[in-house]
Amino acid sequence: MMKMSELSYSVSGTDILRDISVEIPARGMTALIGPNGAGKSTLLHLMSRQMEPMSGQVVIDGQDLATITAQARALKLAVVAQHLNIASRIRIRDLVGFGRWPHARNRPTAEDRAWVTDAMTHFDLIALQDRFLDEVSGGQRQRAFIAMAYAQDTEWLLLDEPLNNLDLHHARSLMARLRDMADHQGKSIVIVLHDLNYAISWADHVVALRAGRVAFEGPVQAMATGENLSNLYQTPVAMDHVDGRPFARYHR
Amino acid sequence: MALALCVLSLCSLFIGVADLSLSSILDDPQVLVVSRLPRTLAALLTGASVAVAGVILQLLVCNRFVEPATTGTSEAAILGLLAVTIWAPAWPILGKMAVAASAALIGTFGFLALTRKLPPEQPLLIPLVGLIYGGILGAAATFVAFQADLIQYLGVWMSGEFSGVVAGRYELLWLAGGAALLAYLAADQFTVAGLGRSASLSLGLRYHQVLALGIVTVALVSALVIVTVGVLPFIGLVVPNVVSRVMGDNLRESLPFVAGLGAGLVLLSDMIGRVVRYPYEVPAGTVFGIIGAAVFLQMLLGRRSYA
Amino acid sequence: MPDKRLIWVGVALLLAMALFLFWGLRGKVWFIMELRATKLAALLCVGIAIGTATVLFQTLSHNRIMTPSIMGFDALFLLLQTGLVFALGSVGYAQLPAFGGFVLEAAVMVAAAVALFGWLLKRTRQDLQLMILVGIIIGLMFRALTSFAQRLMDPSEFTMVQGAMFAQFSGVDDGALLASAVVLLGILAWLWPRHAVLDVMALGRAQARGLGVAYDWLQFQILCTIAALVSVSTALVGPLTFLGLLVASLAHSLMRTHRHSLLLPAAALIAALVLVAGQTLFDRVLQLQSTLSVVIEFGGGMLFLVLLARGHIR
């Protein structure tokens, strides 16, 4: 379980997040939703200690994240950032290989290599493995970074808008893969999603942010109501059910 | 590559004002040992370490278009040298070197602090700011040198050349070579740092320590090279870019090639400089300034996709 | 009715000129007056040329942090000058009449700059930062080429061009000054009726063309103008990288307008004011010789960084 208590973050006097206290259950998929500028990405960064909060703490399984070493943290929690424009020219195989770095440092074992191959297979990268990162499309690059985080084999996996550059096929299969990891490998996944229907049809939990505060949070089935979502986005959202899952209608 | 380096080095041994043939070496090895050999070694060491410093800086800043000589590091080192020349001219060379390295360190940190304020989606702003920053430090150095009547020194430090290298006056460069070798031990760390702050933190890299190690290496190499032979621009820029284009940025694989290509190109520039206006000499830095700029322009304008 | 702020700058400039001419006048009054008047004329020419050229260049590049010298214009001029000395030899170069020699240099400069920067503007139109970076690198390459060419010269030829490498305001040649003034006046007379169309060009190529401006042809003409202006100032005193930036941003923040009928005179006057006042200060008060250019470079460079850090780049 990840427990955040009274997290605050501000940039030059302007509050981005104020007094966020949320518990995210382990083993499952939690979606962070909310309108633009609500603070979703910032919260994700605070969870992973990419940024340090002005106040408050993040505790995973009783351990304060601020007190453990960077390497110990990297064995517990992997992050896929939103902006992946890097100047470095590196082969996809090598990039995914660095996912094993927290485990092996400079001496990868046979097991590490098996993990890398496994990750590339899962994310459809085998054919691209010798290509350089700046020679593949945005979606392929995104998948490479997700595969790297997968190879890191951490209990927690944090993703910031991973569907951004992905086509229909790869977006769907990524969500299915994450779902499978949550259901069968006992992973805990936190994901920032823009597409409301992806969020409510795949995730178990939602945390909805609005203007730096938690608007509502809890199990998707209970919280994804027309009223809640309409208020969150300040736009009429009607709820339907498709195949037993909630489905939001807001397109017109 | 190793073979090419050997051939170049052999040629370098036999090019110069004083005639040198195999038989004359056997008679009198003086020229070889005192002048040619040190000069060749100095060029090799300088080229290798400057190229390595360049690639490290590029990975730390996450930008392809920077090098120590265009981001204020060299100018800062020169300011340090000026200061020590004015206030403590009697210090031993190692002491002067330490001051120059510290100044280079501060200057590089200043540049890094500046780049943190720039929007990441405009990657070309970083080299631009670096050039201006270097220009300001350079103007300060010129002003100080002018007031203290040290303009000639400035000229010597600013243009890298190997004509003054003889045995006993280049050995500091071994330190620079050592620093570059040390950097190789942390090759993986630098590669990860090149993936950006976010990815490095996610992988558990002690980002700030690696940053500090990298900057110290860059500053040390720059200061050592300036003290012994002077600024050699474009090496640290062009060589890593060429190598990266061919074999990528996994430093563990590519660093030996960066060092080798840097060493070879500097030696070649020095040899061209020795031959082109025989018996006078053109500084290797000037020769490479022209070749390097042309190659770099080709790279800038020739690139098709840019993230 | 001219703008009030312009009048104030003008008055300040006149005051500075008077101070420069008459302060501390002793001994052979007429002789000193003549020396000072020549120097003053040079300062005015340089200031007006740099101020105007920078505003024009910023308009063409749609960017407030550009100056012609960042793009290597003055490096190109030095390279050409070195090339001329190299081609003609020191004797041949010295035999060139000052007036005709200057006009020749300026003409070569305009041709080279138009060929090079016209190509560059076209090639990198989509990417402004790329253009700046390429310009800087080209500038560095020109400097390396210049020093390379100088290494190939005889020492006597070398001293000939070495004087031109650093900006200095003393020892201006009368003939070159006269030629510069003539060129400068011609340019200003050509430019002035075009201030309104410059306002439209500042909107960008697509918009300006939509409004019926022959953008490419005008851009070509203005590029020629800038090259000529840079020749004037570089020939007179040598390269000054950041003065233009300093005065252009001062002009922008003083006038707070996009209108070139105000911006151009403001930049020209402010540049002249900075130079004359600065020179007075350094010559008469601080008794420091030839360091004004370094200080201007330093101040202008700092300003550049502040502008960048504050995000004043479009």
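This is a short tour of two cavities and one chain interface in the structure you have open. Keep in mind as you click around that the model is predicted.

**Stop 1: the cavities**

Rolling a probe the size of a water molecule over the atoms shows where empty space is left. In this structure, eight cavities of 30 Å³ or more turn up. We'll visit the largest and the second largest.

**Stop 2: into chain C**

Select C:Ile50, C:Ser69, C:Val230, C:Ser233 and C:Leu240, and centre your view there. Out of 17 lining residues, these five sit closest to the centre of the largest cavity, which holds about 120 Å³ of space.

Now colour three helices of chain C: H2 (29-61), H3 (73-95) and H10 (215-237), the elements that each put two or more residues into this lining. Which of them gives the most? That's H2(C), with four residues.

Switch to colouring by residue type and the lining comes out as eight nonpolar residues, eight polar ones and a single charged one.

**Stop 3: over to chain B**

Next, pick B:Val50, B:Pro68, B:Ser74, B:Ser222 and B:Leu232. You're now at the second largest cavity, with about 100 Å³ of space; its lining counts 13 residues, and the five you picked are the closest to its centre.

Show helix H3 (30-61) and helix H11 (207-228) of chain B, since each supplies at least two of the lining residues. H11(B) has the largest share, at four residues.

By type, this lining splits into nine nonpolar, three polar and one charged.

**Stop 4: where chain A meets chain B**

Zoom out and show chains A and B together. Here 29 residues of chain A are in contact with 30 residues of chain B. The size of an interface is often given as the accessible area lost when the parts come together. For this pair the buried area is about 2300 Å², with carbon and sulfur atoms giving 52% of that.

How many salt bridges cross the interface of chain A and chain B? The rule finds zero. If you turn on polar contacts instead, the count is eight residue pairs, both partners at pLDDT 80 or more.

To see what chain A brings, select its helices H2 (70-76), H3 (92-97), H4 (101-104) and H6 (138-151), plus strand E6 (77-80): each gives two or more residues to the side touching chain B. Colour that side by type to finish: 15 nonpolar residues, seven polar and seven charged.

Methods:
Residues are numbered from 1 along each chain as its sequence is written. Chains are lettered from A and ligands numbered from 1 in the order in which they are written. This is a predicted model: local features need pLDDT of at least 70, side-chain atom pairs count only at pLDDT 80 or more; totals for chains, interfaces and linings use all residues. Side-chain values use heavy atoms; hydrogens and water are left out. On a 1 Å grid over the protein atoms alone, a cavity is a set of points where a 1.4 Å probe fits but cannot get out, and a pocket is an open set with protein on both sides within 12 Å along at least five of seven lines; lining residues have an atom within 4 Å of a point. Grid points are joined across faces, edges and corners, and a volume is the space filled by probe spheres set on the points. Ala, Val, Leu, Ile, Met, Phe, Trp, Tyr, Cys and Pro count as nonpolar, Asp, Glu, Lys and Arg as charged, and the others, Gly among them, as polar. Contact means heavy atoms within 4.5 Å. Buried area is the accessible area (1.4 Å probe) that two parts lose on being put together, summed over both. A salt bridge is a side-chain nitrogen of Lys or Arg within 4 Å of a carboxyl oxygen of Asp or Glu. A polar contact is a pair of N or O atoms within 3.5 Å; within protein, one must be able to donate a hydrogen and the other to accept it, and residues adjacent in sequence count only if both atoms are side-chain atoms.
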